[in-house]
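Me: Please give me a close look at one part of this model: the salt bridges and the elements that surround them. I should like one connected account, with the cut-offs stated.

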Amino acid sequence: MKTNAQAVVIGGGVIGCSILYHLTKSGWSDVVLLERDELTSGSTWHAAANIHGLHDSTNISRIQHYTMTLYKELEAETGQSCGVFQPGSLYLAQTEEREHQLRLQAAKAKLYGMNFYEISIEEAQRLNPLVNYDGIRCVMYEPDGGNVDPSGVTNAYAVGARQRGAEIHRFTPVTATDQQEDGTWIVRTPKGDIQTPWVVNAAGLWGREVAMLAGIELPLQPTEHQYFVTETMADVAAHDTRLPSVSDRDGEYYLRQEGQGLLVGAYEKDMKFWAEDGTPLDFAHDLFPDDLERIEENMMNAIERVPAVGDAGIKRVINGPMIWSPDANVLMGPVPEVDGYFCCNGIIPGFSQSGGMGLMAAQWIIEGETQYDMFAWDVARFDTWATKDFTKARVQDQYAHRFAIHFPNEERSAGRPARTRPIYDRQKDMGAVFGLNVGWEHPLWFAEAPGATDTNGFTRQNWWEPVGAECRMLRDRAGIIDISNFAKYVCKGPGAEGWLNAVFANSMPRSVGRSCLTPLISKRGGIAGDFTVIRVADDEFWIIGSGMAERYHKRFFKQVPLPDGTRFESRTEETCGFNVAGPKSREILQRLTNTSLSPEDFPFMRSQQIEIAGIAVLALRVSFTGDLGWEAHCAAKDQLRLYEALIETGKEFGAGPVGSRALMSLRIEKGYGSWGREYSPEYWPHEVGLDRLCKFDKSFLNKDAANSAMTSPAREQLVLLHLDEADTAASNADATGGEPIFMDGRGIGRVTSGAYGYSVGMSLALGYVSGAGAGDRVEVMVLGRPHRATILKEPPFDPTGTILRG
């Protein structure tokens, strides 16, 4: 066994073998995989191994599409059969909401050149005559859908990796992972130790245990999961071609041909956890006792839709373990706090994602970044607030609602509240309806009385009118927005200015009280983040950024060493804040402070440390609403007192609380982008309008990548669109994000954010397009159907910035 390697992959399931294969395919041949038992042990060997391409997330769809096309190439390359069956998949919609979801996915498939489209009931009946199509609103067909052989795929990856020089050691458990002073790791096994700069945890059911060897806690929880295979069925055997699989998610089961029978699986409401206190080390190719009573309701749904199932005998039942993250997505990427430790854990649709997951992992490890924005999979999206109790509650909810539609703006209550601020109870009493933001409860909107909850759907919901009232109140008078969930940092010391200049693309403010906006540049020259930097003293700066990306951004900050005597630390938990915005905001705040807030004394983008209602705050003249406004940041212990003062004084001016749904609408009216939607590593500075904030007369992180990107023509451009009122009124829906954009039948882009602009009376969307510009007429596929739209030349609210700077 090698004593040194470029990377050591722990875990010989389909994901570990795919990562090993893709590392070698990307040029690393000195890599090793260690498996405690036999390849495929754990969850891989008993997986149903269905494959499908479409997902609600565009980038995950790309990953799955890559995976589906890889398997036959892998067979040809290695000579190892992957057992690929691709008779196609039928997707059934029983409800209007499911129809909306499927039509939107079909529109995305057309945009990205994927094979997924609507067929008639008659054509579906011809393809799979066993299905009862009564009550089906529409059927989508994916010709490439099907299934693979779990062992065949895993071994094909293993063969491909070995052919390129990788070593695989079975029956070689990892007993320790010890990081050395130089940052490398010693991976210890009974057969010897390996030193490596990269440990890759792909240990499947044992992902938690392997992570703990390095002192890392991962929010993962295994469950039981069952499917059964019928005896030979005459109706199946009589069919001269393989039947397409059936995706009837409204019925909460999945079904496909297996041999001359059918395989039927379910995610039941009465789910069952397993190994809550740790996965047994002696578990390998094991199963649990059958427990079909738990999935009886799902089975009855399957029988109603495919009556032949009810007449078939059951040949075998598979009841095996799966391991889940709190949102059912993989925990993937380098652990921000620990150098050289890569996770790939908690995978559910492994055979639909294995190839793309391996490719992304190899890119991340070797090149430092993936080609797609994969924050939806990033291990950094969770932190220590995702406790064991939170994880169990969310996993239970995810499992029981596996096939439920994840609606735009939907907030699920499981596991909450996880973290609350001092004003949580006060906001609840005021009628706040809360959402989850990096574990924190934060107000989405305010109802007339406490106890209201969201309704969910693709069309306008019960919060649409109340949010409109909040927007109009702020634009006409003023509103008070809780912005405590923004990430806040302090950099202090003699090297603070130099360090910040070396991290961020813009030049740091040179005098106390001044601020700047700045991008953070990614490895490939895209936008890794956008920040506001405020100079509060000669040697001290405050930095404000995206709250959900705080742990993600640690990776970038670590890349530039701090000078001696200078410190950089997060103040997010101990600091809270409010944005007071609107034409009356100056009057409200002036009632509460002796500091002059006149335009001459407190201009736009300036800051001062002042007192509001006797409370020390850092006040910043800026507003994400695009209106006149200030941010006021205070100590968490003072949050409730400051809020009460702002709310009480605001009442005199007809102002009140405003939630984040209104903020979304207001910032889109102004054409402001936000990180995770408009800004991501996929987009270059000149594509998003941030190129003017990149100063190439100094050195900064990934400057060369930014320069290379910006000397290339923009691939697409961020634009603001106005959707036709007649179309949005007819559908009772606005764009929300992800909708394809077409012009003259040609796909030209997609929406990143959308909302109704209440104060301007327009349905609006931000998005990226190529080959189109201001004044062009396009079609936005809201609900998967064309909605006429016009690309705007300028934002409809305060296009010249006169109000903002007033």
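Reply: A residue is called buried when its relative accessible area is under 20%, exposed when it is over 50%, and partly exposed in between (1.4 Å probe, protein chains only). The model is predicted, so local features need pLDDT of at least 70 and side-chain atom pairs count only at pLDDT 80 or more, while totals for chains, interfaces and linings use all residues. Residues are numbered from 1 along each chain as its sequence is written, and side-chain values use heavy atoms, with hydrogens and water left out.

A salt bridge is a side-chain nitrogen of Lys or Arg within 4 Å of a carboxyl oxygen of Asp or Glu. By this rule the model contains 55 salt bridges.

One of them joins the side chains of E410 and R412, with 3.4 Å from N to O. R412 is buried, at a relative accessible area of 12%, whereas E410 is partly exposed at 24%.

A second salt bridge joins D250 to R98, with an N to O distance of 2.9 Å. The two residues lie 152 residues apart and link distant parts of the chain, since D250 sits in the loop between β14 and β15 and R98 belongs to helix α3. Helices (H or I, at least four residues) and strands (E, at least two) are DSSP runs, numbered from the N terminus. R98 is buried at 4% relative accessibility, and D250 is partly exposed at 25%.

The setting of R98 is helix α3, which covers residues 96-112. Its 17 residues reach 24 Å from the first C-alpha to the last, close to the 24 Å expected at 1.5 Å a residue; that expectation is 1.5 Å times one less than the number of residues. Because 13 of the 17 residues of α3 are buried, the helix is largely enclosed by the rest of the structure. After α3 comes G113, whose phi is positive, near 70 degrees. Salt bridges also link E99, R103, E118, R137 and R785 in a network.

A third salt bridge, between D277 and K388, has its closest N and O atoms 3.0 Å apart. This pair too links distant parts of the chain, 111 residues apart: D277 lies in the loop between β16 and α8, and K388 in helix α11 (residues 388-400). D277 is exposed at 76% relative accessibility, while K388 is partly exposed, with a relative accessible area of 44%.

The loop that holds D277 lies between β16 and α8, and helix α8 (residues 296-305) has N298, M299, A302 and R305 as its buried residues. Seen down the axis of α8, these residues fall within an arc of 125 degrees, so they line one face of the helix; the arc is that of the directions from the helix axis to the C-beta atoms. In general, an α-helix has 3.6 residues a turn, so residues three or four places apart point the same way. E297 and E304 are exposed on the other side of α8. The buried residues of α8 pack (heavy atoms within 4.5 Å) against β4 (89-93), β13 (221-230), β14 (245-248), β15 (253-258) and β16 (261-266). Two of these strands, β14 and β15, bound the loop that carries D250, the partner of R98.
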